[in-house]
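Trainee: Before we look at numbers, could you show me how to read the features of a model such as this one, giving the general idea and then the case at hand?

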Amino acid sequence: PFERFMPKSWLNVSASQTNSSGLMASAGIAGVALADNTLSYNIQQGYASRGTGGSGSATLDYKGSSGEYLAGYNVTRQTRQLNYGVMGGILVHPWGLTLSQPLGDTMALVRADKAANVKVENSTGVYTDSRGYAVVPYLSPYQRNIIKLDSGTLADDIDLTADTRRVVPGQGALVLADFPTAAGQKIMLTLNSEKTIPYGASATVTSGSQTSSGIVDDRHQVYLSGVPSRGTVKVVWQHDGCQADYVLPGDKPVIQLISLQCR
């Protein structure tokens, strides 16, 4: 380990000497870098006696959401060699086309509508694209695979109703990991009313086909995500209810705090 001098790196040194081959020695450093360890590198320097002389090599491997990119350079006393390449996959599915890293035999399609650039945990370099789709290229067949999205990488106006899916694919299967999303703003409502709103009352905001709901706590507060900039909050409990119209201010903090009169 070489982390005392360079983060996430390893140093290697070797040497040998025989009567037939003479002295052979090498030293190098390898490691990973960037967020999510998407870049790996390996730099080596070697030396051999008996006329061979010095040699060296350097390789880079970057894993992105839409492919894997490689570059390398090798040098010896007699040769110079440059290598580069791109590997990836294209997946066509009912919702369009998604680029990916090299495809494995058993895969999952992540669908998180409108949730762009969300990290898929435990999959190096895999993020959702601009429409909210990603491919997890290597799953274990006939076993329970956990696919989890990092909710900390969500945009402020997108929320997930669940961040984890468990799938059990067959050999060679492509399975869907669907993550329902709520697009809109996040608000914390404090409800004031002449009625006694009980703990556990249900609060709902409906916008088109999207519904955001939450449970009122003992302080008459409720958290709602994916709500439009204006609408009506409907609060219901056993045999009674109330509702309140709201209009969100122009500024957009991560969570807006609003107090409403519920009638």
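**Reading strands, surface and charge pairs**

Mentor: Let us begin with one pairing: T190 has S259 as its bridge partner, the latter lying in β22. Please keep in mind throughout that this is a predicted model.

Trainee: How many bridges join β16 to β22, and are the strands parallel or antiparallel?

Mentor: The general idea is that strands of a sheet pair through backbone hydrogen bonds, in either a parallel or an antiparallel manner. In this case strand β16, covering residues 185-192, is joined to β22 by six bridges, and the two strands run parallel.

Trainee: Which side chains of β22 point to one face, and which to the other?

Mentor: In a regular strand, side chains alternate between the two faces of the sheet. Strand β22, residues 256-261, follows that pattern: Q256, I258 and L260 point to one face and are buried, whereas L257, S259 and Q261 point to the other face and are not buried. S259, the partner of T190, is therefore on the face whose side chains are not buried, where buried means under 20% relative accessible area.

Trainee: What is the strand order in the open sheet of four strands?

Mentor: The order is β18-β17-β20-β21, with antiparallel pairing. Because β18 (210-215) and β21 (240-247) each have a single partner strand, they stand at the edges, and one side of each is left without a neighbour in the sheet. From one strand to the next, the twist averages 20°. As for the contact between β20, residues 230-237, and β21, eight bridges join these antiparallel strands, and R230 stands opposite V247 of β21.

Trainee: What does the overall make-up of the chain come to, in helices and strands?

Mentor: The chain has zero helices and 22 strands. Its radius of gyration is 28 Å, well over the 18 Å that the globule rule gives for 263 residues, so the chain is more spread out than a compact globule. The C-alpha trace spans about 95 × 40 × 30 Å along its principal axes, and buried residues account for 35% of the 263 residues.

Trainee: Which residues have a positive phi although they are not glycine?

Mentor: Two cases can be taken together, N122 with a phi of about 65° and H220, also with a phi of about 65°. N122 sits in the loop between β9 (107-111) and β10 (133-136), and its relative accessibility of 79% makes N122 exposed. H220 belongs to the loop between β18 and β19 (221-227), and at 27% relative accessibility H220 counts as partly exposed.

Trainee: Which residues form the nonpolar patch on the surface?

Mentor: The patch consists of L34, Y62, Y69 and V86, which together have about 400 Å² of accessible area. Taking one of these as an example, Y69 lies in strand β5, residues 67-75, and counts as partly exposed at 34% relative accessibility.

Trainee: How many salt bridges does the structure hold, and which of them should I inspect?

Mentor: As a general idea, side chains of opposite charge can pair when their charged atoms come close. The structure holds five salt bridges, and one of them is formed by D36 and K119, whose closest N and O atoms are 3.3 Å apart. That pair links distant parts of the chain, 83 residues apart, with D36 in the loop between β2 (22-33) and β3 (39-48) and K119 in the loop between β9 and β10.

Trainee: Are D36 and K119 buried or partly exposed?

Mentor: D36 is partly exposed, with a relative accessible area of 27%, whereas K119 is buried at 7%.

Trainee: Which residue forms a salt bridge with R111, and which with D240?

Mentor: R111 pairs with D178, the closest N and O atoms being 3.6 Å apart. This pair also links distant parts of the chain, D178 being in strand β14 (residues 174-178) and R111 in strand β9, 67 residues apart; D178 is partly exposed, with a relative accessible area of 28%. D240 pairs with K195, where the closest N and O atoms are 3.1 Å apart. Here the link runs from K195, in the loop between β16 and β17 (202-207), to D240 in strand β21, 45 residues apart. K195 is partly exposed with a relative accessible area of 34%, and D240 is partly exposed with one of 36%.

Terms used
Residues numbered from 1 in each chain as written. Predicted model: local features only at pLDDT ≥ 70, side-chain atom pairs only at ≥ 80, totals over all residues. Heavy atoms only, no water. Buried < 20%, exposed > 50% of the residue type's maximum accessible area, 1.4 Å probe, protein only. Pairing = 2+ DSSP bridges. Axes fitted to C-alpha atoms, helices over the stretch in contact; angles between N-to-C directions. Patch = residues over 30% accessible without salt bridge, like charges linked within 9 Å, V, L, I, M, F, W, Y side chains within 5 Å. Areas by Shrake-Rupley, 256 points an atom, 1.4 Å probe, with all protein chains shown as cover. Salt bridge = Lys/Arg side-chain N within 4 Å of Asp/Glu carboxyl O. Rg over C-alpha atoms; globule rule 2.2 N^0.38 Å.
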